[in-house]
Amino acid sequence: MKAQAISSFGDSSVFKTIELPKPKIKPGYVLIRVVATSVNPVDCKVRSGKYSHISPPFPAILHSDVAGIIEEIGENVADFSVGDEVYGCAGGFLNESGALAEFMLADARLIAKKPNELSMVEAAALPLVSITAWEALFDKAQIKPGQKVLIHAGTGGVGHIAIQLAKWAGAEVYTTVSSSDKADIAKSLGAKEAINYRIESVQDYVNRFTKGLGFDVVFDTIGGENLDKSLAAVAPYGNVVSIQANSTHDLAPLHAQSASLHAVFMLLPLLRNEQRERHGKILSEIANLTDEGYLKPLIDPHLFYFENIEKAHSLWESGKAVGKIVVQAY
């Protein structure tokens, strides 16, 4: 099979087209003919060497998100059949090879049947970001109808899914954006208000939208100083959830509100081979919500193919993408 692989860490030019043996099926796994994948920040960080400790061995096939068609079924796989259209976040780390190849061997617990109402390209945009948003809002924050929920970076990969899930759950959704165009997109996805963080301070929008009380749930999808802003925006007894909590912060604002901080590390089941079936179940729920019209991916208009994967990574690193960057197979 053909694959886009890296044999060293570096900038996006390290991708090379190579020929590798087609993966052999094994118990508990399915072989997927890859139709599309999407770019996630972690894919770029593995490629650059920043996350070299979770890279597959060289030549490494990266990318965790996949949408495709099942070609073979391994022993002890009961929920899928050859020909099923599936999607999932199932590789690109350690011993699990990724989706930048004609075929991907995937643990059946990590995938689900793709939404009927989406194309393969659209479905490939969903797995990592939708699982992340689901774990943050429902497993960690346990959001409830009527709560005021602030979601940072509303047109980003995780943020645009989180807006839609929070809206579906009955929350009053607020989000931060960097421009009026992105504000319009966020509102079209279900946000009640979109806040331009470049021109309005945390205290100002807390006062304007919550009468100074703060938001019941704050979802930080950015990390760094944005987590500090999130701590400053939470209401008494509220919840802050972060997917980038791997830095040092002053928790005094959190303590003053008797609030809680939660961390989401969505990749843990892939890296430790623990509770993998949770991801498959979440993706089945996401597929149902999508088919019922509650959820849709926001896809950047630039479309790429495996042959120019380096351009897709460069676009993500430029910070100019809106929504998810999708890459079609050969």
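These are my notebook entries on a predicted model, covering its aromatic pairs, one helix and a few unusual backbone spots.

**Entry 1: the annotated span**

I started with the record. UniProt, in an unreviewed entry, lists residues 10–327 as "domain: Enoyl reductase (ER)". I then looked at how that stretch is built: it is 32% helix and 24% strand. Its end C-alpha atoms lie 20 Å apart.

**Entry 2: aromatic pairs around helix 3**

Next I went through the rings, and the count came to 8 aromatic pairs. One of them joins Trp134 and Phe138, edge-to-face, with 4.6 Å from centre to centre and 70° between the planes. Where do these two residues lie? I found both in helix 3 (residues 127–140), 4 residues apart, which is about one turn of the helix. That spacing fits a general point I keep in mind: an α-helix has 3.6 residues a turn, so residues three or four places apart point the same way.

Are Trp134 and Phe138 buried or exposed? Trp134 has a relative accessible area of 12%, so I noted it as buried. Phe138 is buried too, at 17%, since the cut-off for buried is under 20%.

Phe138 also has a partner in another helix. Its ring and that of Trp168 have centres 5.9 Å apart and planes at 85°, so I wrote this pair down as edge-to-face as well. Here the link runs between distant parts of the chain: Phe138 belongs to helix 3, Trp168 to helix 4 (residues 157–168), and 30 residues separate them. Trp168 is partly exposed, with a relative accessible area of 36%.

**Entry 3: charges over rings**

I looked for lysines above aromatic faces and noted two cases. Lys22 lies over the face of Phe103, 4.5 Å from the ring centre. Lys26 has its charged end over the ring of Tyr29, at 4.4 Å from the centre.

**Entry 4: helix 6 and its surroundings**

An aromatic cluster brought me here: Tyr174, Tyr205, Phe209 and Phe215 form one. Two members of that cluster, Tyr205 and Phe209, turn up again among the buried residues of helix 6 (residues 202–210). The full buried set in this helix is Val202, Tyr205, Val206, Phe209 and Thr210. How are they arranged around the axis? They cover an arc of only 105°, so they sit on the same side of helix 6.

What does that buried set pack against? I listed strand 8 (148–151), strand 9 (172–177), strand 10 (193–196), strand 11 (215–220) and helix 7 (225–233).

Just after helix 6 comes Lys211, with a positive phi of about 55°. I marked this one because Lys211 is not a glycine. Lys211 is placed in the loop between helix 6 and strand 11, and at 79% relative accessibility it counts as exposed.

**Entry 5: other backbone spots**

Gln275 also caught my eye, as a residue other than glycine with a positive phi, near 55°. I located Gln275 in the loop between helix 9 (268–272) and helix 10 (276–291). Its relative accessibility is 48%, so it counts as partly exposed.

My last check was on peptide bonds. The bond from Phe58 to Pro59 is cis, with omega near -10°. Pro59 is in the loop between helix 1 (41–48) and strand 4 (65–73).

Notes:
Residues numbered from 1 in each chain as written. Predicted model: local features only at pLDDT ≥ 70, side-chain atom pairs only at ≥ 80, totals over all residues. Heavy atoms only, no water. UniProt positions renumbered as here; feature names shortened; annotations may be inferred. Phe/Tyr/Trp six-rings, centres within 6.5 Å; stacked < 30°, edge-to-face > 60°. Buried < 20%, exposed > 50% of the residue type's maximum accessible area, 1.4 Å probe, protein only. Lys NZ or Arg CZ within 6 Å of the ring centre and 35° of its normal. Arc of directions from axis to C-beta. Contact = heavy atoms within 4.5 Å.
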